[in-house]
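Me: I have a model open and would like to know how its labels are earned. Could you take me through the reasoning, one label at a time?

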Amino acid sequence: KMFAGMAGARQKTEGLPADAIAVLDAMLSKDGEVVPFHEPIVVVQGSNVKDWLKELERNMKDTLALLLERAVGEDSSSEFSPTDANKDSFVEWATKFPAQIMILATQINWSMGVD
């Protein structure tokens, strides 16, 4: 496997820009999560496979970094107690992001809060 944790990419083949043969707009995990790219990848006729795979890798990293930054900024789980009525907002936050990003954001915020 070339990209660990990525089972495939969602592609559009209709309504494409001129010369495009596909547009990759999301990465798919083996667990069924769909993570939309922050910027779609346009594969054009005659393009070098190596070039669009590099773009896929860059876009994957950039998308996950942006999602992590947002998740860390929006995470308020350290403010909740297990019996707090606000746990619904934690569940809402947790389901807003891919599992890997949600777990990492929680760990980052927990580490930042430890003295």
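Me: How much space lies in the largest pocket, and what makes it a pocket, not a cavity?
Reply: Glad to help, and please keep in mind that this is a predicted model. The largest pocket holds about 310 Å³ of space. A cavity is a set of points from which the 1.4 Å probe cannot get out, while a pocket is an open set. This space is listed as a pocket, so it belongs with the open sets.

Me: Which residues are closest to the centre of the largest pocket?
Reply: Of its 16 lining residues, G5, M6, S29, E33 and Q100 are the closest to the centre. β2 (20–28), α1 (49–74) and α3 (99–113) each give two or more residues to the lining. The most comes from α3, with three residues. By kind, the lining of the largest pocket divides into 10 nonpolar, three polar and three charged residues.

Me: Q100 is in that list. Why is Q100 called exposed?
Reply: Its relative accessible area is 60%, and exposed means over 50%, so the label follows. Q100 sits in helix α3. From Q100 to G5 it is 95 residues in sequence, yet 9.9 Å in space, C-alpha to C-alpha.

Me: What lines the second largest pocket?
Reply: That pocket has about 210 Å³ of space. It is lined by 14 residues, and V35, P36, L67, K96 and P98 are the closest to its centre. β3 (34–44), α1 and α2 give two or more residues each, with the largest share, five residues, coming from β3. The lining of the second largest pocket divides into eight nonpolar, three polar and three charged residues.

Me: Why does T63 count as buried?
Reply: The relative accessibility of T63 is 2%. The cut-off for buried is under 20%, so T63 qualifies. T63 lies in helix α1, and among the residues it touches are V35 and P36, two of those closest to the centre of the second largest pocket. T63 also touches M27, F37 and H38.

Me: How do you know that the side chain of T63 makes a polar contact with N59?
Reply: A polar atom of the T63 side chain lies 2.8 Å from the backbone oxygen of N59. The limit for a polar contact is 3.5 Å, and 2.8 Å is within that limit.

Me: T95 is a threonine as well. Is T95 buried or exposed?
Reply: T95 is exposed, because its relative accessibility is 61% and the cut-off is over 50%. T95 lies in helix α2 (residues 87–96). Its side chain has a polar atom 3.2 Å from the backbone oxygen of E92, and that is within the 3.5 Å limit too.

Me: What makes D25 buried?
Reply: D25 has a relative accessibility of 16%; buried means under 20%, so D25 counts as buried. D25 is found in strand β2. Its side chain is joined to that of R10 by a polar contact of 2.9 Å. Leaving aside neighbours within four places in sequence, D25 is in contact with R10, Q11, K12, P36 and F37.

Me: What is unusual about the phi of D19?
Reply: Most residues other than glycine have a negative phi. D19 is not glycine, and its phi is near 70°, a positive value. D19 is placed in the loop between β1 (8–12) and β2. D19 counts as exposed because its relative accessibility is 62%, and the cut-off is over 50%.

Me: Why is the aromatic pair of W93 and F97 called tilted?
Reply: A pair of aromatic rings is described by the distance of the centres and the angle of the planes. For W93 and F97 these are 6.0 Å and 55°. Centres within 6.5 Å make a pair, and planes under 30 degrees apart would be stacked, over 60 edge-to-face. At 55° the W93 and F97 rings are neither, so tilted is the word that remains. A search of the whole structure finds one aromatic pair, and W93 and F97 are both buried.

Me: And what is the overall pattern of the chain?
Reply: Along the sequence it reads β-β-β-α-α-α. Of the 115 residues, 27% count as buried.

Terms used:
Residues are numbered from 1 along each chain as its sequence is written. This is a predicted model: local features need pLDDT of at least 70, side-chain atom pairs count only at pLDDT 80 or more; totals for chains, interfaces and linings use all residues. Side-chain values use heavy atoms; hydrogens and water are left out. Helices (H or I, at least four residues) and strands (E, at least two) are DSSP runs, numbered from the N terminus. Buried means under 20% relative accessible area, exposed over 50%, partly exposed in between (1.4 Å probe, protein chains only). A polar contact is a pair of N or O atoms within 3.5 Å; within protein, one must be able to donate a hydrogen and the other to accept it, and residues adjacent in sequence count only if both atoms are side-chain atoms. On a 1 Å grid over the protein atoms alone, a cavity is a set of points where a 1.4 Å probe fits but cannot get out, and a pocket is an open set with protein on both sides within 12 Å along at least five of seven lines; lining residues have an atom within 4 Å of a point. Grid points are joined across faces, edges and corners, and a volume is the space filled by probe spheres set on the points. Ala, Val, Leu, Ile, Met, Phe, Trp, Tyr, Cys and Pro count as nonpolar, Asp, Glu, Lys and Arg as charged, and the others, Gly among them, as polar. Contact means heavy atoms within 4.5 Å.
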